[in-house]
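Here is a walk through a structure you may be seeing for the first time. Take it slowly, and keep the 3D view open as you read.

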Amino acid sequence: MEEMFNTLPKHSCTWLKGNSTWYKYQNFWTLQRFHLGAILAQQNLKAQPSDILVCSYPKTGTTWLKALSFAIVTRQKFDKSANPLLTTFPHDCMPFLETDLDLIEENRNKSPLISTHLPYQSLPESTISSNCKIVYIYRNVKDVIVSQFHFLRGIHKLPMDDSSFEEAFDDFCQGISGYGPYWEHILGYWNASLERPGKILFLKYEDLKRDPTSNLIKLAEFLGSPFSDGEVKDGVVENIIKLCSFENLSNLDVNKNGLHNNLIEKQIFFRKAKDGDWKNYFTDEMKEKIDNLVDEKLKGTNLVLK
Ligand code: PAP
């Protein structure tokens with residue numbers, strides 16, 4: 001493996017002061033350890049038809065989608081005051097394919113959810129042959145760039161200066177970003193959703209914000225745990241929305257303190273959660289460049305990333 005990685009295209013981000021080296025393998029960029037985790041999963045995962053994959057490109061709403069999906073599929077097991085999300089970091093509510101392969105089997109007793117940032121083309125073959133359902137979240141590209149910049153600079157305790165943001169932007173436009181290019185990631189899932197109708201649900205971060213109720217009802221139906229009329233009347237949908245809201249999750253002790261995987265401060269996963277924060281960072285030229293780029297890349301889909 002060491003030898004193989006030595007032969008791959010690699011990129012050390014100047015805007016991360018050399019703290020992070022991404023490798024391009026299987027047509028996407030990420031850290032060596034996630035590539036290795038992906039290879040292990042591809043070779044060893046024995047997916048079950050009942051497994052459900054929670055898939056996303058980083059910084060598109062993963063934490064939120066994990067919390068919502070977990071709350072939906074486990075809602076019969078806990079009453080409101082004892083929900084695990086009150087005491088568990090949302091990322092710890094389900095195994096992450098690239099790092100938690102050994103937890104997947106045991107976790108099936110708790111929920112069918114498995115999360116991953118892998119592009120569709122790199123999902124383990126057994127998830128495709130088992131016809132596993134996939135829920136995919138995406139978000140407008142400019143907020144993703146800003147969110148990724150803050151997250152990665154934050155991890156390495158670097159300040160948020162303008163010149164570094166420009167470097168991060170340039171890398172992103174060249175497709176060099178964690179699990180990037182972003183547009184290839186989206187297109188992979190989008191094309192698969194056309195080939196496998198009913199098996200891949202697309203959700204958009206901004207839609208979830210604008211209309212959480214109908215999106216949650218759609219998500220629950222897709223996950224095979226639809227809300228009954230009685231539940232809707234009793235406010236179960238609204239309770240899940242409140243439980244998983246940015247305001248609630250970001251203020252819980254479990255999410256404010258401590259490290260995720262002994263590495264990353266959990267609070268970094270909760271920043272502003274705003275639609276349109278990019279306006280504070282982008283020049284007109286940058287906006288035009290990325291808008292044109294994604295228009296071009298996503299031509300022919302009805303996906304709007306602007
Ligand atoms: P990940 O891929 O590393 O897990 P992810 O959760 O996808 O990150 O993205 C984090 C973004 O979601 C942050 O956006 P921001 O940087 O623009 O603020 C974070 O604030 C936002 N976020 C986290 N939790 C929630 C939530 N419960 N509701 C809405 N947005 C959220």
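Let's begin with one bit of vocabulary: two strands pair if DSSP finds at least two bridges between them. With that in hand, look at serine 12, whose bridge partner in S2 is threonine 21. Keep in mind that what you have in front of you is a predicted model.

Serine 12 gives us a way into a small sheet. Three strands make up this open sheet, in the order S1-S2-S3, and their pairing is antiparallel. Strand S1 (10–12) and strand S3 (28–31) sit at the edges with a single partner strand each, so one side of each has no neighbour in the sheet. On average, neighbouring strands here are turned by 30° against each other, if you ignore direction.

Now go through the pairings. S1 and strand S2 (residues 21–25) run antiparallel and are joined by three bridges. Besides serine 12 with threonine 21, you can find histidine 11, which has tryptophan 22 as its bridge partner in S2. On to the next pair: S2 and S3 are also matched in the antiparallel sense, over four bridges. Here tyrosine 23 stands opposite threonine 30 in S3, and lysine 24 has tryptophan 29 as its bridge partner.

How many residues lie between the strands in the hairpin of S2 and S3? There are two, and in this hairpin glutamine 26 takes a positive phi near 50°. Before you leave this sheet, find helix H2 (residues 32–44), which lies across S2 and S3 and runs at about 110° to S3.

Time for the other sheet. As a general point, strands of a sheet pair through backbone hydrogen bonds, either parallel or antiparallel. This open sheet has four strands in the order S5-S4-S6-S7, and the pairing is parallel. Which strands are at the edges? They are strand S5 (113–116) and strand S7 (200–204), each pairing on one side only. From one strand to the next, the twist averages 20°.

Zoom in on one edge of that sheet. Strand S6 (residues 133–138) pairs with S7 in the parallel sense, over five bridges. Within this pairing, isoleucine 137 stands opposite leucine 203 in S7.

Two helices are worth picking out against these strands. H3 packs on the sheet and touches strand S4 (52–56), S5, S6 and S7, with its direction at about 160° to that of S4. Helix H8 (residues 182–195) lies across S4, S5, S6 and S7 too, running at about 135° to S7.

The loops leading up to these two helices have something to show as well. In the loop between S4 and H3 you'll find lysine 59. Its phi is near 70°, a positive value in a residue other than glycine. Between helix H7 (162–173) and H8 there is another loop, and proline 181 lies in it. The peptide bond from glycine 180 to proline 181 is cis, with omega near 5°.

Finally, the ligand. How many residues surround the ligand? The count is 21, and the closest are Thr62, Thr63, Ser147, Lys272 and Ala273. Helix H3 (62–73), which you met packing on the four-stranded sheet, and helix H13 (246–250) each supply at least two residues of this shell. H3 gives the most, with three residues. By character, the shell divides into nine nonpolar, eight polar and four charged residues.

A few polar atoms pair up here. Threonine 63 has an N or O atom in its side chain 2.5 Å from an oxygen atom of the ligand. In serine 147, a side-chain N or O atom is 2.6 Å from an oxygen atom of the ligand. Cysteine 244 takes part through its backbone: one of its backbone N or O atoms lies 2.9 Å from a nitrogen atom of the ligand. How much of the ligand's accessible area does the protein cover? The protein covers 97% of the 650 Å² that the ligand has on its own.

Note on methods. Residues numbered from 1 in each chain as written. Predicted model: local features only at pLDDT ≥ 70, side-chain atom pairs only at ≥ 80, totals over all residues. Heavy atoms only, no water. Near = heavy atom within 4 Å. Polar contact = N/O pair within 3.5 Å; in protein donor to acceptor, adjacent residues only side chain to side chain. Areas by Shrake-Rupley, 256 points an atom, 1.4 Å probe, with all protein chains shown as cover. Nonpolar A, V, L, I, M, F, W, Y, C, P; charged D, E, K, R; others polar. Axes fitted to C-alpha atoms, helices over the stretch in contact; angles between N-to-C directions. Contact = heavy atoms within 4.5 Å.
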